[in-house]
Amino acid sequence: MENLDELPFFSQHKIAKATNNFSSDYKIGEGGFGPVYKGVLEDGQVIAVKRLSETSEQGLDEFRNEVICIAKLQHRNLVKLLGYCIHGNEKILIYEYMDNKSLDSYLSDETRSSMLDWRQRFGIIHGIARGILYLHQDSCLQIIHRDIKAGNVLLDGEMNPKISDFGLA
C-alpha cells in the first residue's frame, strides 16, 4: 500500500451523519490527536472516529504518510484502521470500535476491576505483549510505541486487548 487509494475513503458527510454531526453525546474520548467519537454507519457498523485537532501542526503530506503506515500494520492486538477522511482542513481517521473501552476504565474502577479474573488479566497482558512485540520487532515498519498505558489498550467485546495510538506522534 503506497498511496491512500488502497484504503477506504469516507466522505465528511458520511462521518458527520454517523456521529450526529460530531455531537458531544457521541464523544467517547480525547487524546493528543484530538477528540474521538462513536459513530454508526448506515449499514449498522459501529466505528470510532478520531478527528485531528485544529491546533495540530501536522500537514496533509504528513497525515497521508502516517495513514499509509498505520494501515500497513495489521495484527490481532492492534486497533484496525478502517479508513480516513480529508475534507478541507479536516483530517479524520476511522477505526474499528472497541465495545469495552480502555483497560484503564477497568483498572481505575473498583467495581469493574473486580470483573477481571486472573485468567482474563493474563490474557490481556499476553495480548499486549504480542502487540508490542509486533510493533517493535516483527512488523515491516518496526514502530516504537512511546506511550503504552492502560488508556491506550482498548478491549473488544470479548475482552481481547488491542493497542491504540501507535502511529500518530
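Before we begin, one term: a polar contact here is a pair of N or O atoms within 3.5 Å, and within protein one of them must be able to donate a hydrogen and the other to accept it. Please bear in mind also that this is a predicted model.

With that term in hand, let us turn to helix α5. At its N-terminal end sits Asp117, which caps the helix: a side-chain oxygen of Asp117 lies 3.1 Å from the backbone nitrogen of Arg119. The helix itself covers residues 118-138, 21 residues in total. At 1.5 Å a residue it should span 30 Å, and its end C-alpha atoms are 28 Å apart, which agrees.

Which residues of α5 are buried? They are Ile124, Gly127, Ile128, Gly131, Tyr134 and Leu135. Viewed down the axis of α5, these buried residues fall within an arc of 120°, so they line one face of the helix. The general background is that an α-helix has 3.6 residues a turn, so residues three or four places apart point the same way. On the other side of α5, Trp118, Arg119, Phe122 and Ile125 are exposed.

Against what does the buried face pack? The buried residues of α5 pack against α2 (60-72), α3 (103-107), β6 (153-155) and β7 (161-163).

One residue of α3 deserves a closer look, namely Leu103. Because its relative accessibility is 9%, and buried means under 20%, Leu103 counts as buried. Leaving aside neighbours within four places in sequence, Leu103 is in contact with Leu116, Ile124, Ile128, Ala150, Val153 and Leu155. Of these partners, Ile124 and Ile128 are among the buried residues of α5.

I now move to the strands. β1 (27-30) pairs with β2, residues 35-40, in the antiparallel sense over three bridges. Within this pairing, Gly29 has Val36 of β2 as its bridge partner. The hairpin of β1 and β2 has four residues between the strands, and Gly34 there takes a positive phi near 145°.

β2 also pairs with β3, residues 46-51, again in the antiparallel sense, over five bridges. Here Val36 stands opposite Lys50 in β3. Five residues separate β2 and β3 in their hairpin, and Gly44 in the turn has a positive phi of about 95°.

Finally, is Thr19 buried or exposed? Thr19, in the loop between α1 (12-18) and β1, is buried, with a relative accessible area of 0%. Not counting residues up to four places away in sequence, Thr19 touches Tyr26, Tyr37, Lys38, Gly39 and Val49.

Note on methods:
Residues are numbered from 1 along each chain as its sequence is written. This is a predicted model: local features need pLDDT of at least 70, side-chain atom pairs count only at pLDDT 80 or more; totals for chains, interfaces and linings use all residues. Side-chain values use heavy atoms; hydrogens and water are left out. Helices (H or I, at least four residues) and strands (E, at least two) are DSSP runs, numbered from the N terminus. The expected span of a helix is 1.5 Å times one less than its number of residues. Buried means under 20% relative accessible area, exposed over 50%, partly exposed in between (1.4 Å probe, protein chains only). The arc is that of the directions from the helix axis to the C-beta atoms. Contact means heavy atoms within 4.5 Å. Two strands pair if DSSP finds at least two bridges between them.
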